[in-house]
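Here's a quick look at charge pairs and one glycine. Have the structure open while you read.

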Amino acid sequence: MRTFILILSVTLLAGCSMRDIVTMDGATTQVHDLNDNDRDGVIVARERCNETFSGATIDNYGCGKIKPINQRQELKILFPNDSYYIDPMYYDQVEVIATFMRQFPNTKVTIEGHCSKTGSYEHNLALSQNRANAVTTALSERFGIEPSRLTAIGYSFDRPIDLSETAMAQTRNRRVIAEVTGEDTTADMKWNIYTVDDEVK
């Protein structure tokens, strides 16, 4: 009986293995496109976002992740005492903001004017507002930025960055800040498998 079962098992196994043999006489057809045309590491068969920036952070479908623009920058503009006149030597500071806004045309900028704690609050409030207005005027009239994209706010001496009340503190607290925000986005960039192909400078 044991011999019979052994012979039967071998016969069945041999029959199964013979039926599993597949010959590769002809060419096989590739069902999915495995190319990566935009070189983002995602094959065409799964790609949903073509022409992704090389080096952009992407999801599993090749769509680049984005980060909103929200930048604050202090403009190195020194105003004369009790004045909101911008010396032309400081126009390059304003031009930096204008260039950025032209690059991202849906952005807006808020110019903040700040003063030192010298004189009355009301006087400094008007002065800080006029200094902020002077920067937005330069952005509009000299550099062609649409006025609807510009906001000016004066804070008097409500927001000091140095509380020591020294002469240096007064200089540091007299400042203009540009805050650029917007719907425009920049690609979140990172290293990818193709980065090594880029020319090293």
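What follows is a short tour of the salt bridges and then of Gly 154, all taken from a predicted model.

## A shared arginine

Searching the whole structure turns up three salt bridges. One of them pairs the side chains of Arg 72 and Glu 112, with 2.9 Å from N to O. These two sit 40 residues apart, Arg 72 in strand E1 (residues 66–75) and Glu 112 in strand E2 (residues 107–114). Glu 112 is buried, at just 4% relative accessible area, while Arg 72 is partly exposed at 48%.

Arg 72 also bridges to Glu 179, where the closest N and O atoms are 3.6 Å apart. Since Glu 179 belongs to strand E4 (residues 175–187) and Arg 72 to strand E1, this pair ties together parts 107 residues apart in sequence. Glu 179 is partly exposed, with 23% relative accessibility.

## The other pair

Arg 172 and Asp 162 form a salt bridge too, at 3.3 Å from N to O. Arg 172 is in helix H4 (residues 167–173), and Asp 162 is ten residues away in the loop between E3 and H4. Asp 162 is buried at 17% relative accessible area; Arg 172, at 39%, is partly exposed.

## Around Gly 154

Now for the glycine. Gly 154 is part of strand E3 (residues 150–154). Is Gly 154 buried or exposed? With a relative accessible area of 14%, Gly 154 is buried, because the cut-off for that is under 20%.

Leaving out residues up to four places away in sequence, Gly 154 touches Gly 113, Leu 125, Ser 128 and Gln 129. Its C-alpha atom is also 6.4 Å from that of Ala 132, 22 residues away along the chain.

Definitions and conventions
Residues numbered from 1 in each chain as written. Predicted model: local features only at pLDDT ≥ 70, side-chain atom pairs only at ≥ 80, totals over all residues. Heavy atoms only, no water. Helix = DSSP H or I, 4+ residues; strand = E, 2+ residues; numbered from the N terminus. Buried < 20%, exposed > 50% of the residue type's maximum accessible area, 1.4 Å probe, protein only. Contact = heavy atoms within 4.5 Å. Salt bridge = Lys/Arg side-chain N within 4 Å of Asp/Glu carboxyl O.
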